[in-house]
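Subject: Structure handover

Dear colleague,

Please find below the structure that I am handing over to you. My notes on what was found in it follow directly after.

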Amino acid sequence: MTALDAPTRGTLTSRPYQITTVRHQTHDIVTVDVAPQQYPIAFRPGQFDMVYVYGVGEAAISISSDPATPGLLSHTIRAVGWVTRALNDLQPGSRIGIRGPYGRPWPLEEAEGKDLVVIAGGIGLAPVRPAIVEALRHRERYGRIVLLTGARSPRDLVFRDDLDRWHADRGIDVHVTVDSAVRGWNGRVGVVTKLIPRVPFDPENAVVLTCGPEVMMWFSAEALLKRGVPPERIYVTLERNMKCGVGTCGHCQLGPRFLCRDGPVFSWPEVTGLLGVREL
Amino acid sequence: MPEQGQARLTSGDPDLLRVVLAGHPFCADLDVEHVAAMSAATSERELPVGGFVLRRGQPAEALTLLLDGDVSLELTEPGGEPIVLETLHGGDPLGWSWLFPPHRWAFDARCLTPVRLLQLDAGQLRALMSADPVFGLALTQRIGQQVVQRLQFTRAQLVEITHHDRT
């Protein structure tokens, strides 16, 4: 039995996977693919894995690949800490440990029969990408599907191939904006929340998934509420310093909730009273 | 006023102009008589791609209401590449320097696409506002709302540009 065949011993034990592809999304964001034939990971959109760089440490990373393609498991990572920097430096052929999937997924079933609005800021497009892919696969189940996505600058836009493909797809209404640009960028400039009052969807019959910096999600939720979206139909995904992934260690505690176990996806009423509390 | 573009023929119809003005989001819920008074100061224009709706440092002589098309608010140093601060689109109002001294534009506004817009003469608007305090308050509140909203967007933009998300 080789190391790659070693059975996992529980939810806190990672399994080894070999990196097949490293795709550079931006100057500091990569998508790392593994081909988990040996240990396929069945996940639902919005869930995350704990990804282990041997000798460095673990980080919670959202799964960004298509849930219906078990032969390809992708994690999209921005280099901000020791582990994520190490992940950004890995090459095809390197081995990483993965355990998961963990966490509460996006409520795609609740969105069936309704408009589905996805709001993503920066790398926040990664955790919602599986939901978009899944919704487009079952396009007939939804009303309008709208994606509002933004980034700091044009060079910080991730999943450009997807955005181009979705732009051409009549099944989804895509709006892209950046915070800052110079001449040459002919798209929108401004915060993604500015798009909310003007894009066509039925606020009273919509489910909204938002992912990005908390400030962005906060402003988005306010704009959505103002437009008339019921608060319980607004979903956000939160992020803290997750360690165990199973609600045991308490590192990701936000008030009474463990984000890894109770989230990372929450409805707005579940967290609205927590996000503004400085002491948390 | 714009340095390019010509008045549309349809703007010669005052009734049609009043209807178009009343339908702009900036005028939502304004009293009918106030819209009628504003329409007397309004002209409709079209500008081509690359045309300037307004230019930094020039006298601010009109309130602009965008009907169709995309406009970028830009800041440019001599010889430098313009920095795009924000884009505005059909349904947006553009410019409030016409209301506050020294009545000069602070930025360039350049058309990214063909643009159709309404321009309301600033001198006439200010005179109307002085003559009718109720109208003056209504218009000042609308402009104030735009300023507050733009400030909030700008603050969010600043946070997003400087914020380093952790994923």
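**Backbone features**

B:Pro102 is located in the loop of chain B that runs between strand 7 (93-94) and strand 8 (108-111); helices (H or I, at least four residues) and strands (E, at least two) are DSSP runs, numbered from the N terminus. This is a predicted model, in which local features need pLDDT of at least 70 and side-chain atom pairs count only at pLDDT 80 or more, whereas totals for chains, interfaces and linings use all residues. Residues are numbered from 1 along each chain as its sequence is written, chains are lettered from A and ligands numbered from 1 in the order in which they are written, and side-chain values use heavy atoms, with hydrogens and water left out.

The peptide bond that leads from B:Pro101 into B:Pro102 is cis, with omega near 10°. Chain A has a cis bond from A:Gly263 to A:Pro264, again with omega near 10°, and A:Pro264 sits in the loop between helix 6 (259-262) and strand 16 (265-267) of that chain. Most peptide bonds are trans, and most residues other than glycine have a negative phi.

Two non-glycine residues with positive phi also deserve mention. A:Phe159 has a phi of about 55° and belongs to the loop between strand 8 (145-151) and helix 4 (160-168) of chain A. B:Asp29 has a phi near 70° and falls in the loop between helix 1 (14-22) and helix 2 (32-39) of chain B. A:Phe159 is buried, at 5% relative accessibility, whereas B:Asp29 is exposed, with a relative accessible area of 76% (buried means under 20% relative accessible area, exposed over 50%, partly exposed in between; 1.4 Å probe, protein chains only).

**Interface of chains A and B**

In chain A, 27 residues are in contact (heavy atoms within 4.5 Å) with 25 residues of chain B. The two chains bury about 2,700 Å² between them, 51% of it on carbon and sulfur atoms; this is the accessible area (1.4 Å probe) lost when the two parts are put together, summed over both.

The rule finds 2 salt bridges across this interface, each a side-chain nitrogen of Lys or Arg within 4 Å of a carboxyl oxygen of Asp or Glu. One side-chain salt bridge joins B:Glu86 to A:Lys194 (2.6 Å, N to O). On the chain A side of the interface, strand 5 (73-78), strand 10 (181-182), strand 11 (188-189) and helix 5 (214-227) each supply at least two residues. Helix 5 of chain A gives the most to that side, with 4 residues.

**A sheet shared by both chains**

An open sheet of 5 strands has the order 10(A)-6(B)-5(B)-8(B)-3(B), with antiparallel pairing; two strands pair if DSSP finds at least two bridges between them. Strand 10 of chain A and strand 3 (52-54) of chain B stand at the edges with a single partner strand each, so one side of each is left without a neighbour in the sheet.

At one edge, strand 10 of chain A pairs with strand 6 (residues 83-89) of chain B in the antiparallel sense over 2 bridges, and A:Ala181 stands opposite B:Val84. At the other edge, strand 3 of chain B is joined to strand 8 of chain B by 2 bridges, also antiparallel, with B:Leu54 opposite B:Ala109.

Yours sincerely
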